[in-house]
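Visitor: I would like to look at the reasoning behind the labels in this model. Could you take me through it, one label at a time?

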Amino acid sequence: MIIALDRVEIGYDRPLLPPISLSISPGERWGLLGPNGSGKSTLLRTILGLLPPVSGKVLHPLGRRPRVGYVPQSHRADPAWPLSAHEVVLMGRYPALGIARRPGSADHEAVRAQLQAVGLAGQDKKPFRALSGGQRQRALVARALVAEPELLVLDEPTSEMDPAAEHALLHLVLELAAKRETAVLFVTHQISAAAGFAHTLALINSPAHLVQIGPAQELLTSENLSRLYGRTVEIKREGARALVWIASDGKEAP
C-alpha cells in the first residue's frame with residue numbers, strides 16, 4: 001500500500017460523511033464518483049494531506065507521503081502567461097529539485113521524453129496558451145508524470161472535453177500509468193468515464209450521507225446510482241462499454 005484511510009471522517013467543523021476506510025496500492029485504478037457538492041474535493045484533500053481528518057487516521061505505509069502527480073480540470077491558459085509547453089511540463093520536476101538546484105540536462109531530457117509519450121513531440125517550444133484544449137491537458141498529464149509519481153490524481157480533467165477527446169486522454173493515462181505501476185485516482189461526476197476507467201470505486205454523496213466502496217463491476221448498478229444521484233439512473237453494460245441514461249419518468253429515487 002502507498003496510502004490508507006482508517007475509519008476517517010472528512011469535513012471541516014463536523015463530518016460530512018460516515019467513516020471511510022480504504023487502501024490504495026501500486027497499479028490500482030480508483031474512481032471517486034459523486035454528484036457536484038458531494039464531498040469529492042474534501043475527500044481528495046484529506047487523502048493528499050491538505051486537510052486533516054475530523055477523526056480517524058490517514059496512514060502512509062511507505063513511512064512518508066507518496067509522491068503525487070496532479071492533473072487538474074481543463075486549463076484555460078492566461079493570454080499573458082508566456083510559458084512554453086516545455087516550461088510547463090518542467091514544473092513537475094521542481095519538487096524533487098529543491099530550492100538550490102536548477103534543472104539539469106537530465107531534467108530537460110525527462111521533459112522531452114514525457115512530451116513525446118503524450119503525443120506532443122516537437123511542440124515543446126510552442127507557447128502553452130497556443131495549444132488546443134486537448135493538447136493542454138496532455139501537457140498537464142506530462143507535467144504530472146515527469147515527477148515520477150507513486151499516485152497520479154486526475155481531478156475531473158475531462159470535464160470540458162468531448163467524448164472522443166475524453167476517451168483518448170483516459171486511454172493515454174491508463175497506458176502510461178500501467179508501464180510504471182502507478183496508482184491512479186480519478187475524480188469525476190461522469191458515470192461512463194468512471195465505468196470505463198476504474199477497477200475500484202468510491203461512491204459518495206454527503207447530503208445523502210452515503211459512502212459505498214468496492215469493485216466497479218459490483219457497484220455500478222442502476223439501484224446504487226439512483227441512490228447516489230437521488231433520481232432514477234439506468235446503466236447497461238455492453239462488453240467493456242457502459243451505457244448510462246437518466247430515466248425521463250420524473251421519478252425520484254428511493
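Visitor: What makes you say that both faces of strand 8 are covered?

Guide: Keep in mind that this model is predicted. On one side of strand 8, Thr200, Ala202 and Ile204 are buried, and on the other side Leu201, Leu203 and Asn205 are buried too. Six of the six residues of strand 8 (200-205) are buried, so strand 8 is largely enclosed by the rest of the structure.

Visitor: How do you know which strands pair with strand 8?

Guide: Pairing needs at least two bridges. Strand 3 (residues 29-33) reaches that with four bridges to strand 8, in the parallel sense, and Leu33 has Leu203 as its bridge partner there. Strand 9 (residues 210-215) is joined to strand 8 by six bridges and runs antiparallel to it, with Val211 opposite Ile204. The hairpin of strand 8 and strand 9 has four residues between the strands, and in it His209 takes a positive phi near 55°.

Visitor: Why is Glu150 called buried?

Guide: The label needs a relative accessible area under 20%. Glu150 has 16%, so it counts as buried. Glu150 lies in the loop between helix 5 (133-145) and strand 6 (151-155). Leaving aside residues up to four places away in sequence, Glu150 touches Ile2, Leu62, Arg64, Pro66, Arg67, Thr182 and Ala183.

Visitor: What makes the approach of Arg67 to Glu150 a polar contact?

Guide: The cut-off is 3.5 Å between N or O atoms. The backbone nitrogen of Arg67 lies 2.7 Å from a polar atom of the Glu150 side chain, so the pair is within the limit.

Visitor: And why is Gly122 called exposed?

Guide: Exposed means over 50%, and Gly122 stands at 70% relative accessibility, so the label fits. Gly122 is in the loop between helix 4 (105-117) and helix 5.

Visitor: How do you know that Arg29 lies over the face of Phe197?

Guide: One part of the test asks for CZ of Arg within 6 Å of the ring centre. Arg29 is at 5.9 Å from the ring centre of Phe197, so it meets that part. The other part asks for a position within 35 degrees of the ring normal, and Arg29 is listed as lying over the face.

Visitor: Why are strand 2 and strand 4 called edges of their sheet?

Guide: Three strands form an open sheet in the order 2-1-4, with antiparallel pairing. Strand 2 (20-24) and strand 4 (55-59) each have a single partner strand, so one side of each is left without a neighbour in the sheet. Neighbouring strands here are turned by 5° against each other on average, direction ignored.

Visitor: What makes strand 1 a partner of both?

Guide: Again, at least two bridges are needed. Strand 1 (residues 3-9) has four bridges to strand 4, where Glu9 stands opposite Ser55. Strand 1 also has four bridges to strand 2, where Val8 has Ile20 as its bridge partner.

Visitor: How do you know that the side chains of strand 2 alternate?

Guide: Ile20, Leu22 and Ile24 point to one face and are buried, while Ser21 and Ser23 point to the other and are not.

Visitor: What makes helix 1 mostly covered?

Guide: Six of the eight residues of helix 1 (residues 40-47) are buried: Lys40, Thr42, Leu43, Leu44, Thr46 and Ile47. Helix 1 lies across strand 1, strand 2 and strand 4, at about 125° to strand 1. Gly49, with a positive phi near 80°, follows helix 1.

Notes
Residues are numbered from 1 along each chain as its sequence is written. Side-chain values use heavy atoms; hydrogens and water are left out. Buried means under 20% relative accessible area, exposed over 50%, partly exposed in between (1.4 Å probe, protein chains only). Helices (H or I, at least four residues) and strands (E, at least two) are DSSP runs, numbered from the N terminus. Axes are lines fitted to C-alpha atoms, for helices over the stretch in contact, and angles run from 0 to 180 degrees between N-to-C directions. Contact means heavy atoms within 4.5 Å. A polar contact is a pair of N or O atoms within 3.5 Å; within protein, one must be able to donate a hydrogen and the other to accept it, and residues adjacent in sequence count only if both atoms are side-chain atoms.
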